[in-house]
Amino acid sequence: INPGDMIVGDDNGVLVIPKDKLSDVIQKAQNIKATEQMIIAAIREGMSLEAARKKYRYDQPWLSESEKTK
């Protein structure tokens, strides 16, 4: 643990995110949340869970939208 590192904990344990990786970790977490929201919206519109997961790359939810279409 170094000054400026972020420490996050819950009932499963503690995680230290190095200061120089923080923005990357936050961006990936936001991408995961967006992926999950797109899957939920697609299901509500009638798409199957399997199709929604495939369309929105549930296998790699941390990718940005532009990275998913490469």
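The exercises below work through a predicted model of one protein chain, each with a solution in steps.

Residues are numbered from 1 along each chain as its sequence is written. In this predicted model local features need pLDDT of at least 70 and side-chain atom pairs count only at pLDDT 80 or more, while totals for chains, interfaces and linings use all residues, and side-chain values use heavy atoms, with hydrogens and water left out.

**Exercise 1. The elements and the overall form**

Task: Find how many helices and strands the chain has, and state whether the chain is more spread out or less spread out than a compact globule.

Solution: Begin with the meaning of the terms: helices (H or I, at least four residues) and strands (E, at least two) are DSSP runs, numbered from the N terminus. By this definition the chain holds three helices and two strands, and read from the N terminus their order is β-β-α-α-α. The radius of gyration of the chain is 15 Å, whereas the globule rule gives 11 Å for 70 residues, so the chain is more spread out than a compact globule. Here the radius is taken over C-alpha atoms, and the globule rule is 2.2 Å times the number of residues to the power 0.38. As a last step, take the box along the principal axes that the C-alpha atoms fill, which is roughly 50 × 30 × 15 Å.

**Exercise 2. Surface and contacts**

Task: State what percentage of the 70 residues counts as buried, and what percentage of the contacts with a separation of 6 or more comes from residues 24 or more positions apart.

Solution: A residue is called buried under 20% relative accessible area, exposed over 50%, and partly exposed in between (1.4 Å probe, protein chains only). With these cut-offs, 17% of the 70 residues are buried. The chain exposes about 5600 Å², of which carbon and sulfur atoms supply 54%; such areas come from the Shrake-Rupley method with a 1.4 Å probe, and for residues only the protein chains shown count as cover. For the second part, a contact means heavy atoms within 4.5 Å, and among the contacts with a separation of 6 or more, residues 24 or more positions apart account for 23%.

**Exercise 3. The salt bridges**

Task: Work out which residues form salt bridges with Asp24 and with Asp59, and describe how exposed the partners are.

Solution: A salt bridge is a side-chain nitrogen of Lys or Arg within 4 Å of a carboxyl oxygen of Asp or Glu, and by this rule the count is two. One of them joins Asp24 to Lys28, with 3.5 Å between the closest N and O atoms. Asp24 and Lys28 are four residues apart in helix H1 (residues 22-44), so about one helical turn separates them. Asp24 is partly exposed at 39% relative accessible area, and Lys28 is partly exposed as well, at 35%.

The other pair is Arg57 and Asp59, whose closest N and O atoms are 3.1 Å apart. Arg57 is partly exposed at 23%, while Asp59 counts as exposed at 52% relative accessibility. Arg57 lies in the loop between H2 and helix H3 (65-68), and its phi is near 55 degrees, a positive value in a residue other than glycine.

**Exercise 4. Residues in the helices**

Task: For Leu22 and Leu49, name the residues they touch when those up to four places away in sequence are not counted.

Solution: Start with Leu22, which has its place in helix H1 and which, with those sequence neighbours set aside, touches Met6 and Ile17. Leu22 and Met6 are 16 residues apart in sequence, and their C-alpha atoms are 7.5 Å apart in space.

Next take Leu49, which is found in helix H2 and is partly exposed, with a relative accessible area of 40%. Under the same exclusion, Leu49 is in contact with Ile39 and Ile43. From Leu49 to Trp62, 13 residues apart in sequence, the C-alpha distance is 18 Å.

**Exercise 5. Distances across the chain**

Task: Find what distance separates the C-alpha atoms of Lys54 and Ile40, and what distance separates those of Ser66 and Asp10.

Solution: Lys54 is in helix H2 (residues 49-55) and counts as exposed at 70% relative accessibility. Its C-alpha atom is 13 Å from that of Ile40, with the two positions 14 residues apart along the chain. Ser66, in helix H3, is partly exposed at 48%, and the C-alpha atoms of Ser66 and Asp10, 56 residues apart along the chain, are separated by 32 Å.
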